Amino acid sequence: EYAAKLKQEGKTLYEQLELIKKKYGYYRELLQNVYYHGMDGMDKMLSIMDALRADLPKSIGQLSVVRILDQQSKQIIDGQTREQTGEYVGFPDNALVFYLNEEQSIRIVVRPSGTEPKIKFYAAVGMPVGEDKSEEEFEAIKEKADTLVHEILEAIVMTAEGIAAGGERYQILG
């Protein structure tokens, strides 16, 4: 019904989606799974989580870590001072969330699987656009967000591989 309504107005669903992105911002999220095969696969995966918690990164790629949410310890931690600034009240999970800006629109989530020897790395970048932006400006913002999301994803995966080598990366999804 909505597509028919838009067609009457001379618009397509794709065009409407692009207008929504301009109004509310452009978001890009990627997922990289890394599998650790063999008898020590689960141990390697958990060693990454332990090492990240023991030495929380102050930056990921070129961006400083502003805030860290540790869903296991239920702590919210300042990314630079390492002081606890709050308590997480959501669902407990063995996950770390690294916020790379104050608006929390740029983040990395590291989460091991509970059923198989794989660790998941989610990278998300959201950027404001504005309805007044030209197509060229909009494309530049999308390109910047797409590049940044790949850079921070690669940076956190490389950090993990420095802790526990031998994982097999699977196709990036997103």
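The chain has 4 helices and 10 strands, and what you are looking at is a predicted model. Reading from the N terminus, the order is α-α-β-α-β-β-β-β-β-β-β-β-α-β. The C-alpha atoms fit in a box of roughly 60 × 35 × 30 Å along the principal axes. Of the 174 residues, 40% count as buried. The accessible surface adds up to about 10000 Å², and carbon and sulfur atoms own 52% of that. If you take contacts with a separation of 6 or more, 61% of them are between residues 24 or more positions apart.

**The inside**

Nonpolar side chains tend to be buried together in soluble globular proteins. Here the largest nonpolar core holds 37 residues, and I60, F98, I108, V110, I119, F121 and I152 have the most contacts inside it. At least two residues each come from β1 (26-35), α3 (41-54), β7 (96-99), β8 (106-112), β9 (118-127) and α4 (135-163). Helix α4 gives the largest share, 11 residues. There is also a second, separate core of 5 residues, with L69, Y88, V97 and V109 among them.

F121 is a handy place to zoom in. Leaving aside residues up to four places away in sequence, F121 touches L30, L31, Q32, V34, V109, V110, L153, I156, V157 and A160.

**Helix α4**

How does the span of α4 compare with what 1.5 Å a residue would predict? Its 29 residues should cover 42 Å, and the end C-alpha atoms sit 43 Å apart, so the two agree. The buried residues of α4 are F138, I141, K142, A145, L148, V149, I152, L153, A155, I156, V157 and A160.

K142 is the lysine in that list, and it has a relative accessible area of 10%. What does its side chain pair with? One partner is E18, in a salt bridge. That pair ties together distant parts of the chain, with E18 in helix α2 and K142 in helix α4, 124 residues apart. E18 counts as buried too, because its relative accessibility is 10%, under the 20% cut-off. Another partner of K142 is E139. These two are 3 residues apart in α4, so about one helical turn separates them. E139 itself is partly exposed, at 40% relative accessible area. Through shared partners, salt bridges join E18, K21, E139 and K142 into one network.

**Salt bridges**

The total is 13 salt bridges. Here are some of them, with the N to O distances:

| Pair | N to O distance |
|---|---|
| E18 and K142 | 3.0 Å |
| K142 and E139 | 3.0 Å |
| E116 and K118 | 3.5 Å |

In the E116 and K118 pair, E116 is partly exposed at 29% relative accessibility, while K118 counts as buried at 12%.

**The outside**

On the surface, L17, I20 and Y24 form a nonpolar patch with about 310 Å² of accessible area together. Y24 belongs to helix α2 (residues 13-24). Is Y24 buried or exposed? It is exposed, since its relative accessible area is 56% and the cut-off is over 50%.

S64 sits in strand β3 (residues 63-64) and is partly exposed, with a relative accessible area of 43%. Beyond residues up to four places away in sequence, S64 touches K58, S59, Q80, Y99 and L100. S64 and D50 are 14 residues apart in sequence, and their C-alpha atoms are 21 Å apart in space.

Methods. Residues numbered from 1 in each chain as written. Predicted model: local features only at pLDDT ≥ 70, side-chain atom pairs only at ≥ 80, totals over all residues. Heavy atoms only, no water. Patch = residues over 30% accessible without salt bridge, like charges linked within 9 Å, V, L, I, M, F, W, Y side chains within 5 Å. Areas by Shrake-Rupley, 256 points an atom, 1.4 Å probe, with all protein chains shown as cover. Salt bridge = Lys/Arg side-chain N within 4 Å of Asp/Glu carboxyl O. Buried < 20%, exposed > 50% of the residue type's maximum accessible area, 1.4 Å probe, protein only. Core = buried A, V, L, I, M, F, W, Y, C linked by side-chain atoms within 4.5 Å. Contact = heavy atoms within 4.5 Å. Expected span 1.5 Å × (residues − 1).
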